[in-house]
Amino acid sequence: MQNITILGSTGSIGMSTLDVLARHPERYSVYALSAHSRVEQLAEQCSQFKPKLAIVGTAAAQQLSNLLRAKNLRTEVAYGEAALCEAASADACDVVMAAIVGAAGLAPSLAAARAGKKILLANKEALVMSGQLFIDAINKSGSLLLPIDSEHNAIFQCLPHGYQRQPAAVGVEKILLTASGGPFLHRAVETLGAVTPAQAIAHPNWVMGRKISVDSATMMNKGLEVIEAHWLFGASASQIDVVIHPQSVIHSMVSYIDGSVLAQLGNPDMRTPIANALAYPERIASGVSPLDLTVIGQLQFTRPDLLRFPCLKLAYDALLAGGSAAAILNAANEVAVQAFLDEKIGFRMIDQLIARTMDTLPLCAVTDIDGLLDQDRLARQTVQSLIS
Ligand code: NAD
Ligand code: MG
């Protein structure tokens, strides 16, 4: 029996994780669940999965305690970042699903890495911003880091067993990250300034949280994934290519020096990578229906247009620049996307604000978490001042 902490259990990835766990009660039990504000949903999850611990934002703790008492549940309630870190590193927890969105997930994900847990990483922003610091923590503790992002999980499946972040050592020539192109792949570029948040989060193939949905519309999501692939697989920027594949059936590919290209295919449903990582190296049922290629008929591929998707270029620039650049890119993006969702700025302002923030802030080396958090704060302040 494996005990699992799900950080962000009320989100899209959190709910898909619980859906897979519910299919295998003989293999998994839930140690802790966490949510930011959706307290009633969290209380419902506690009644179904009976975790030892439930963690919420500070403002919601009393409400959660009342709801759990009314349900006669013995789940303990805790709140705030320190409680998230404890739940992610507790002795009683074997596996951590890191599914909080954004930089808010860094501290608990890092706590899990330092404690040597098996980490299922959906929270790409945590790895993008902390990069080598995160990988160092994993290496030091001997933690097993398994990717949940569908592309990285696909790449993981296409790499040899026991792969050690050295592409050349196993004959890998390139990583081919597939991207759907999002809702605006074919929209006239000059009309992008006028798109609404509702249009931006209407993804053609995937149902996801609001932030990652906007990231998919700008293709910053793919940019963050390029940086994520760099840290997970040890590939340089020139070894990672992005390929637009609107059907989202091939989740990514690995190209080898002998001309072989390995791909992982499946219906676009996050329960597949979640089940893959949960059971690795075994396989378990996920609830995802089998892929019928005759229904899909055609798979298409094109190169991304960097004028339509400037965020993708900004992410490559940040990866090449190194140091604090990726943390600045990530923080600027988080603030700009939230401002767009709050209808304070237009869609095209997102890439402009990130570019201006990256131009404004001097690059520096990132050698510890405090220094990293300073850069994150500085970038957030810079974008805010550019907005107001
Ligand atoms: P979501 O918005 O649906 O859920 C986010 C979860 O994080 C919620 O449970 C929320 O309560 C919690 N949360 C939000 N802010 C918080 C804070 N400040 N402190 C503590 N908890 C907080 O997001 P999602 O789509 O499930 O995405 C989660 C992560 O997984 C993101 O990093 C995203 O990039 C990544 N991811 C998601 C998908 C997908 O299909 N949804 C695919 C690949 C990767
Ligand atoms: Mg992805």
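Hi everyone, let me start with a proline: proline 281 sits in the loop between H12 and helix H13 (293-296). Please keep in mind that this is a predicted model. The peptide bond leading from tyrosine 280 into proline 281 is cis, and its omega is near 5°.

Just before that loop we have helix H12, residues 271-279, and eight of its nine residues are buried, so H12 is largely enclosed by the rest of the structure. For those of you following along on screen, the buried ones are Arg271, Pro273, Ile274, Ala275, Asn276, Ala277, Leu278 and Ala279.

Let's step back to the overall layout. The protein is divided into three parts: domain 1 covers 2-147, domain 2 covers 149-309, and domain 3 covers 322-388. Taken over C-alpha atoms, the centres of domain 2 and domain 3 are 24 Å apart. Between these two, 20 residues of domain 2 are in contact with 14 residues of domain 3.

Now to the metal, which I suspect many of you were waiting for. Which residues coordinate the magnesium ion, ligand 2? They are Asp149, through OD, and Glu151 and Glu225, each through OE, with distances of 2.1 to 2.2 Å. Along the chain these donors follow the spacing D-x1-E-x73-E. Aspartate 149 belongs to the loop between strand E7 (144-147) and helix H8 (150-158), while glutamate 225 is in helix H11 (residues 220-233), so this pair ties together parts that are 76 residues apart in sequence. And are aspartate 149 and glutamate 225 buried or exposed? Both of them are buried.

Some of those elements come back when we look at the second largest pocket. Its space is about 450 Å³. The elements giving two or more residues to its lining are helix H7 (132-141), E7, H8 and H11. Strand E7 provides the largest share, with four residues. In total 19 residues line this pocket, and those nearest its centre are Leu144, Leu145, Phe156, Gly162 and Tyr163. If you like to think in terms of chemistry, the lining breaks down into twelve nonpolar, six polar and one charged residues.

Where does the second largest pocket lie relative to the domains? Domain 1 and domain 2 both give residues to its lining, so the pocket lies between them.

I'd also like to show you a histidine. Histidine 24 is found in the loop between helix H1 (12-22) and strand E2 (28-34). Histidine 24 is buried, with a relative accessible area of 8%. If we leave aside its neighbours within four places in sequence, histidine 24 is in contact with Ile284 and Ala285.

Last, here are two backbone details for anyone who enjoys a Ramachandran plot. Asparagine 72 has a positive phi, near 60°, and is a residue other than glycine. You'll find asparagine 72 in the loop between helix H3 (61-70) and strand E4 (76-79). With a relative accessible area of 72%, asparagine 72 is exposed, because the cut-off for that class is over 50%.

The second case is arginine 165, whose phi is also positive, at about 60°, although arginine 165 is not a glycine. Arginine 165 lies in the loop between H8 and strand E8 (172-179). Its relative accessible area is 25%, so arginine 165 counts as partly exposed.

That's my tour, and thanks for listening!

Conventions: Residues are numbered from 1 along each chain as its sequence is written. Chains are lettered from A and ligands numbered from 1 in the order in which they are written. This is a predicted model: local features need pLDDT of at least 70, side-chain atom pairs count only at pLDDT 80 or more; totals for chains, interfaces and linings use all residues. Side-chain values use heavy atoms; hydrogens and water are left out. Donors are N, O and S atoms within 2.8 Å of the metal (3.2 Å for Na, K and Ca); water is not among the atoms, so sites may look incomplete. Buried means under 20% relative accessible area, exposed over 50%, partly exposed in between (1.4 Å probe, protein chains only). On a 1 Å grid over the protein atoms alone, a cavity is a set of points where a 1.4 Å probe fits but cannot get out, and a pocket is an open set with protein on both sides within 12 Å along at least five of seven lines; lining residues have an atom within 4 Å of a point. Grid points are joined across faces, edges and corners, and a volume is the space filled by probe spheres set on the points. Ala, Val, Leu, Ile, Met, Phe, Trp, Tyr, Cys and Pro count as nonpolar, Asp, Glu, Lys and Arg as charged, and the others, Gly among them, as polar. Domain bounds come from an automatic or database domain assignment. Contact means heavy atoms within 4.5 Å.
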